[in-house]
Every structure is written in structure tokens, then in C-alpha cells.
Amino acid sequence: MAVSPHAFPPRKRRPSAGAFVSPKLADINLVKSLLSLSQEISSFKPFQCLLKRNSVSSINKSKLLSILFDELIKNPASVFFSPSTLLCFEEMYIVLQRIKTLLEDCSNGSKMWMLMQIQVLSNNFHELTLELSTLLDIFPFKEIELSQDVEELVVLVRKQCGKSKPVVDPGDVFLRREVLTMLDRIEKEIVPDQLKLKKVIEDLGLRDGSSCREEIESLQDEIQNQVDEKSKSDIVSLIGLVRYANCVLFGSSTASKPDHRRQKSTSDLTIPADFRCPITLELMRDPVVVATGQTYDRESINLWIESGHSTCPKTGQTLIHTNLIPNRALRNLITMWCREQGIPFETVGNNEKVNSVKGTKAAFEATKMTVSFLVNKLSGSQTMEAANGVVYELRALSKTDSDSRACIAEAGAIPILVRYLGSSVGLEHPNLQVNAVTTILNLSILEANKTRIVETDGALNGVIEVLRSGATWEAKGNAAATIFSLSGIHGYRKGLGRKTRVIKGLLDLAKDGSTSSQKDALVAILNLAGDRETVGRL
């Protein structure tokens, strides 16, 4: 199974200053390591936006220093260092290692957050330059034989480092001010000027929907690097702004194909029994331990408990409490197994990282603006292809957090989504049917939306129609999952259990569906069986 190299992005945990240590190598090997390190830094491309001058300066100095190290290797007779000279080279290695890490961090991280931290990052570059300057000031020219050209080159680098000052490009400062002003206006419920928004986004190098999605993922990852709640909340606001910009500027250019990641991840593999959730039989993403000592996937056991059950699904014992304790040891084993098998895996989803952070007014208003834009666009869609792109965006947004689910439902999206559940739509545009029913499934996670869905004319019947005659197994499976979600409310569970079409649709899917859709059907059947009257029908 081919897996994209982007499935496992490098972890962005920044090392502390104490994590950088000298390699403790002998003279010639230390110089070889310095040459290799300086060449690595020299191979970096200067930043295209933000901190251009800082990156160019660091890269150029490393190129010049690589010439020094190269000459020392070509003249090994001179590479016998006194303790003080050895210490100088070891310290130089540490400084270059920190420069490399800073360049990597800026290259791989969020552009928006980099903009917010522009002064701090500029100071970091400046401090490293000063440290390099100090080392070059004590460079032992008398002890090491160098050609006149290389000696002059080292003196040149020393002078450049000594004259260094913290530099922030005025354009970067202006861009940062524009973003902060935009967030402030969004907080006041003022829709951003589209031309200004376009200019800001393009100046950050975000030129299409794909780069915007990557930026959102980078921002979500950045939350892990922060310790104070204000920084985390600021990042959530930036995520809202980028998400709004993506929808408004790049429309529905995002892929409107169905999401097959779930099937792809495990369909060709035998998952160890201990790694499967006893409820869904699927690979656990966030294993937790309940009062009886049994382990379940957090999402599944949460739905079980929220559906009114007070017993352990596996043992039948009464749960003396409903606290869920993370099973970190098992989660680590699952993570290792997934990496060995080449399966994309996140121990805690990006959305959960964001959901655990206190939201901001700006983030909420940005979400409302995004939803309003999408729902209005969907209402005026002239073709099924155009509608499919917008519904896909709603599907992705409905997966993010409770605020998004509430905003989508409150904006009146559910009645519009019902239009795309019919069998005629499934025959001609199966992706659209999948996206529509999956959006409704995501919306149903929010308790208040369960009632909205059931009370919306045609919504429940539309979901049942997809369950019975959906164009794809994915559509049918997600319809079954929606039935399961809605049955979390006792009154709806009873009503759904009385519908012959629901019972027959679930049983047919459990018998004939794909592996994943069978699991969705069985979980829904298990939940409906909580009503004694339904057991007889089953």
C-alpha cells in the first residue's frame, strides 16, 4: 500500500537549548562534522516570504565557513587542536546546529504564526549571529595554518557578524499589522475586505486551497508547541482566518472526492485483536480504560455512555463511574505498529488539539462568516458539480469542532443538504451523496443538532433512503452511523427501532456490506437493541 511521505510529518517539538551538545569528536572528525553541518545549512533555500534577509544572511555565512572547514580537511597537518581551540570548534558546532534548527523550524512551520512571532524570530537569528561573532573573535589564527584568502574570508565573516543588528523587514511589520487588524474587525463581526485578504494571503505564500490546508495543519501542530493558553487561543483565531480565506478566495477547489482514508488505513492488514475497539472492532485511535478495566476507543465508549448505557459493553458489569482513563501504554504500542505497517496515524487528532483550546470571539466569528459564505453559495449552486465542492467544504468544516457544527445547522444547511440524499443524485453524482450524508453525520455529533435533523422535513427519510439504496458502501455506512448517532437520544432510538425500513436496511448492510459499513450497521443495531420492543423486531 503506497503511503504519501506527508503521512508522517516530522514532529515539531522544539528542542531546548540544553539539547544541543557538541559531538565530542577527535580533531579531524570534528572538522568533518562542521563541514557537513555548514554545507547542510548552505543547501537551504532563502525564505520566499518573511525573514528573507535573516535567512539569506545565515545561509551565506555558513557557505563562507564551509570554505574554512574544507581547507582544514585538505591540510590535515594543521588539524591538531589545543584544548582551547577544540572548545572553540565544539561551540561553533553547537551554534551552527542551532542555526540549522531555527531555519528548519521557520521553513516547516506555520507562516501565519511565524508572522505573529516575527520580532522574536528576528532576535533569535541576531543572537545566534552574535554568538558566532564571539567565537570568530577568539578564532586561533596563530595556531592554525590557513591560506591568506581563507584567513581574509574568516575575518570578513567576523566583521559581518559584529555589525549585525536585529532586522525586521518593514513589509513584514506591515503585514503583521494587517492580519491583527483583520482579526480585530472579524471579532467585531465586520467581514474582511476581499482584496486586502487576498493580498495578505498571497504575501504569506498561500496561493491555493492546498497551501491553505497545509497552513491550517501547521497551525494545528503549532498548538502543541505552546504552553500558555493565550498563544493557543491566538492560533485558533488564525486557523479561523485561514479557513475563511480558503473558502472565499479559492472556492471549492479542494478535492471533492470521498474520503477513503478510513478504508485505506487497514483494509489490507490484519489488526491485532488488542488494538481493536470491542465496540466498533476498528483500530483504536485514543484508547481509554473504563471502571471495569476494559479498554475502548474514546469516541465509541463516549457514544455508548451518552446513549444512556450504564454497563460495560464487553463484560456487562455496571460502571461504578464514567471516568475515562487514557491508556497511554497501549496508544504508544498502536502508534509504533502503525508506523511499522506504514499506516497514517495520529494519537490525538488535530481537531481534538484545537477543541481542547479555549476559543476566541475572532475564531467564532470567522467560523460564522465561513459557514454563511458556504451556505449562501450552496443555495445558489447552479450545477451538481458546484454543489459537490461546497458540500465537501461543509463536510470538512463540520468535522472540526462543536462551534462549526452549531453554526452550520443554525445557518440552515440541513434542509439544503437533504436535496442531495436522494437515489437519483446517488446514481449521477455518488460523491455528492456521500459528502451530503457524511456532513449530516458530522452535524449529528452535536446533541442539539440531533433534534434539528429529526425535525427537518425529509432529513430522516433521506438518511434512511441512503441506508437502503445509497450509491456506495461508504454512503450506506455513514447513513448507518447517522442512525447510530441519532439513536443516542432515547426517544429517537425507540422511534427508529419501530421503522421497518431502518431495521431491514441495517440488517441488509450488516450481511452484504463492505467490512467498514458492516461495522457501522452492527454498532447501530447494537444501540437500537437497547430498546426491548426493538429486540423483538430484530
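**Exercise 1. Describe how helix α25 packs against α26 in this predicted model.**

Solution.
Step 1. Begin with the geometry: helix α25, residues 500-512, packs on α26 at an angle of about 140°, and the two axes are 8 Å apart.
Step 2. Classify the angle. Angles over 145 degrees count as roughly antiparallel, under 35 as roughly parallel, and 65 to 115 as roughly perpendicular, with the rest oblique. The pair α25 and α26 is therefore oblique.
Step 3. Give the handedness: α25 passes α26 in a left-handed crossing.
Step 4. List the residues. On the α25 side the contact is made by V502, I503, L506, L507, L509, A510, K511 and D512. On the α26 side it is made by S517, Q518, A521, L522, A524, I525 and L528.
Step 5. Sort them by class: the contact of α25 with α26 has eleven nonpolar, two polar and two charged residues.

**Exercise 2. Helix α26 also meets helix α23. Work out how these two helices are oriented and what makes the contact.**

Solution.
Step 1. Locate the helices: α23 covers residues 473-486 and α26 covers residues 515-528.
Step 2. Read the geometry. Their axes come within 8 Å and cross at roughly 20°.
Step 3. Apply the cut-off: angles under 35 degrees count as roughly parallel, and α23 and α26 are therefore roughly parallel to each other.
Step 4. State the handedness. The crossing of α23 past α26 is left-handed.
Step 5. Name the partners: α23 supplies W473, G477, N478, A480, A481, I483 and F484, while α26 supplies S517, D520, A521, V523, A524, N527 and L528.
Step 6. Count by class. The contact of α23 with α26 divides into nine nonpolar, four polar and one charged residue.

**Exercise 3. Describe the packing of α1 on α2, then the residue L51 in the loop between them.**

Solution.
Step 1. Helix α1 spans residues 27-42 and helix α2 spans residues 52-74; their axes come within 8 Å and cross at roughly 150°.
Step 2. Angles over 145 degrees count as roughly antiparallel, and α1 and α2 are therefore roughly antiparallel to each other.
Step 3. The crossing of α1 and α2 is left-handed.
Step 4. Among the contact residues are I28, V31, L34 and L35 of α1, and I59, F69, L72 and I73 of α2. The contact of α1 with α2 is made up of nine nonpolar, six polar and three charged residues.
Step 5. Turn to the loop between α1 and α2, where L51 is found. L51 has a positive phi of about 55°, although it is not a glycine.
Step 6. With a relative accessible area of 2%, L51 is buried, because buried means under 20%.

**Exercise 4. Reconstruct the sheet from its strand pairings, and find the helix that packs on it.**

Solution.
Step 1. Write down the order. The open sheet has three strands in the order β2-β1-β3, and the pairing is antiparallel.
Step 2. Identify the edges: β2 (295-297) and β3 (325-326) are the edge strands, each pairing on one side only.
Step 3. Examine one pair. Strand β1, residues 287-289, pairs with β2 in the antiparallel sense over three bridges. In this pairing V288 stands opposite Y296 in β2.
Step 4. Add the helix: α12, residues 298-306, packs on the sheet and touches β1, β2 and β3. The direction of α12 makes about 95° with that of β2.

**Exercise 5. Are R176 and L394 buried, exposed or partly exposed, and which residues do they contact?**

Solution.
Step 1. Place the residues: R176 lies in helix α7 (residues 170-187), and L394 is found in helix α16 (residues 384-398).
Step 2. Classify R176. The relative accessibility of R176 is 30%, so R176 counts as partly exposed.
Step 3. Classify L394. The relative accessibility of L394 is 0%, so L394 counts as buried.
Step 4. Find the partners, leaving aside neighbours within four places in sequence. R176 is in contact with L115, M116 and I118; L394 is in contact with L374, V375, L378, I408 and T439.
Step 5. Set sequence against space for one pair: R176 and L115 are 61 residues apart along the chain, and their C-alpha atoms are separated by 6.0 Å.

Technical notes
Residues numbered from 1 in each chain as written. Predicted model: local features only at pLDDT ≥ 70, side-chain atom pairs only at ≥ 80, totals over all residues. Heavy atoms only, no water. Axes fitted to C-alpha atoms, helices over the stretch in contact; angles between N-to-C directions. Helix = DSSP H or I, 4+ residues; strand = E, 2+ residues; numbered from the N terminus. Left-handed = near helix turned anticlockwise from the far one by under 90°. Contact = heavy atoms within 4.5 Å. Nonpolar A, V, L, I, M, F, W, Y, C, P; charged D, E, K, R; others polar. Pairing = 2+ DSSP bridges. Buried < 20%, exposed > 50% of the residue type's maximum accessible area, 1.4 Å probe, protein only.
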